[in-house]
Amino acid sequence: MRVRINPSILAADFANFERELGRIATADLVHVDIMDNHFVPNLTFGPTMTERLQELSAIPLDVHLMIDDPDRWAPGYAELGAYSVTFHAEAAKDAVSLARRLRDIGARAGIALKPGTPVEPFLDLLPEFDQVLVMTVEPGFGGQSFMAETMPKLGLLREAVTKSGLDVWLQVDGGITADTIVIAAEAGADTFVAGSSVFRGEPADNIASLRAAAEAHVH
Ligand code: DX5
Ligand code: ZN
């Protein structure tokens with residue numbers, strides 16, 4: 001199975017995004033963390049900056065919305081051309097309708113689950129989504145430690161995706177390193193977000209190490 005390595009530009013130099021995008025050219029997608037200071041206690045940027053990143057980036061955008069009221073704001077990110085738009089289950093009023101709108105606009109639709117949010121209610125809804133993001137830290141900040149207790153959710157998702165034959169990507173985000181990526185790949189993930197472990201040091205080398213570790217352990 002193909003693995004995807006998506007560096008999170010939350011760990012990049014915010015004053016040099018053009019240069020930073022150049023350092024991650026061997027990645028699959030660029031993970032763009034949108035935080036609103038309400039859904040999470042941190043603030044990044046919004047659609048204007050995302051649109052500029054879209055213009056500058058050679059690889060597609062994987063937008064992760066950590067915001068309240070995604071029903072209102074998420075379609076705008078699909079309209080500006082993001083390849084994938086993922087919103088939080090805990091914040092959405094009508095996740096299925098929102099995912100359908102994102103797909104109608106032409107984006108892949110993703111749903112994200114915080115560490116404490118159970119996966120069971122979403123297993124029957126898999127046909128509505130192109131990606132499920134299992135958060136492996138509490139959303140809001142980079143540089144936190146991987147929470148292995150979230151792995152059973154991935155196991156259930158992998159089983160359901162395999163049974164269904166659907167092309168749903170299973171993403172993990174938070175505390176992913178060359179060590180923890182092995183745990184997540186073995187549990188069933190195929191799409192890996194990494195911030196600190198990509199941008200600390202030489203991103204191309206780090207992406208290559210993460211990819212090799214994931215490929216050796218993915219199902
Ligand atoms: C956290 C963000 C992550 C973050 C991951 O809320 O959603 O994408 O950038 O950072 P690391 O890889 O440093 O844990
Ligand atoms: Zn993220």
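Which helix holds both E20 and R23, and how many residues apart are they? Both sit in helix α1 (residues 17-23), three residues apart, or about one turn of the helix. Helices here are DSSP runs of H or I with at least four residues, strands are runs of E with at least two, and numbering starts at the N terminus.

Some ground rules before going on. This is a predicted model, where local features need pLDDT of at least 70 and side-chain atom pairs count only at pLDDT 80 or more, while totals for chains, interfaces and linings use all residues. Residues are numbered from 1 along each chain as its sequence is written, chains are lettered from A and ligands numbered from 1 in the order in which they are written, and side-chain values use heavy atoms, with hydrogens and water left out.

**Salt bridges**

Side chains of opposite charge can pair when their charged atoms come close. A salt bridge here is a side-chain nitrogen of Lys or Arg within 4 Å of a carboxyl oxygen of Asp or Glu, and the count comes to twelve. Three of them, including the E20 pair, look like this:

| Pair | N to O distance |
|---|---|
| R19 and D13 | 3.7 Å |
| E20 and R23 | 2.7 Å |
| E128 and R100 | 2.7 Å |

D13, R19, E20 and R23 hang together as a network of salt bridges. For burial, take buried as under 20% relative accessible area, exposed as over 50%, and partly exposed as in between (1.4 Å probe, protein chains only). E20 is buried at 4%, whereas R23 is partly exposed at 28%. D13 is also partly exposed, at 30%.

The E128 and R100 bridge links distant parts of the chain, 28 residues apart: E128 is in the loop between α5 (120-123) and β6 (131-135), and R100 is in helix α4 (residues 95-105). Here E128 is buried at 16%, and R100 is partly exposed at 45%.

**The zinc site**

On to the metal. Donors are N, O and S atoms within 2.8 Å of the metal (3.2 Å for Na, K and Ca), and water is not among the atoms, so sites may look incomplete. For the zinc ion (ligand 2), the protein donors are H31 (NE2), D33 (OD), H64 (ND1) and D173 (OD), at 2.1 to 2.3 Å. Along the chain they follow the spacing H-x1-D-x30-H-x108-D. H31 belongs to strand β2 (residues 30-35) and H64 to strand β3 (residues 61-66), so this pair ties together parts that are 33 residues apart in sequence. Both histidines are tucked away: H31 is buried at 1%, and H64 is buried at 0%.

The site has six donor atoms with angles of 72 to 173° among them, and is octahedral. That label asks for six donors, with opposite ones over 155 degrees apart and all others between 65 and 115.

**Ligand 1**

There are 20 residues around ligand 1, and S8, D33, G140, D173 and S196 come nearest; a residue is near if one of its heavy atoms lies within 4 Å. Polar contacts are pairs of N or O atoms within 3.5 Å. The zinc donor D33 puts a polar side-chain atom 2.8 Å from an oxygen atom of ligand 1. A side-chain N or O atom of H64 is 3.3 Å from an oxygen atom of the ligand, and G140 brings a backbone N or O atom to 2.7 Å from a ligand oxygen. The protein covers 98% of the 380 Å² of accessible area that ligand 1 has on its own, by the Shrake-Rupley method with a 1.4 Å probe.

Methods
Four donors count as tetrahedral if all angles lie between 85 and 135 degrees; four count as square planar and six as octahedral if opposite donors are over 155 degrees apart and all others between 65 and 115; anything else is irregular.
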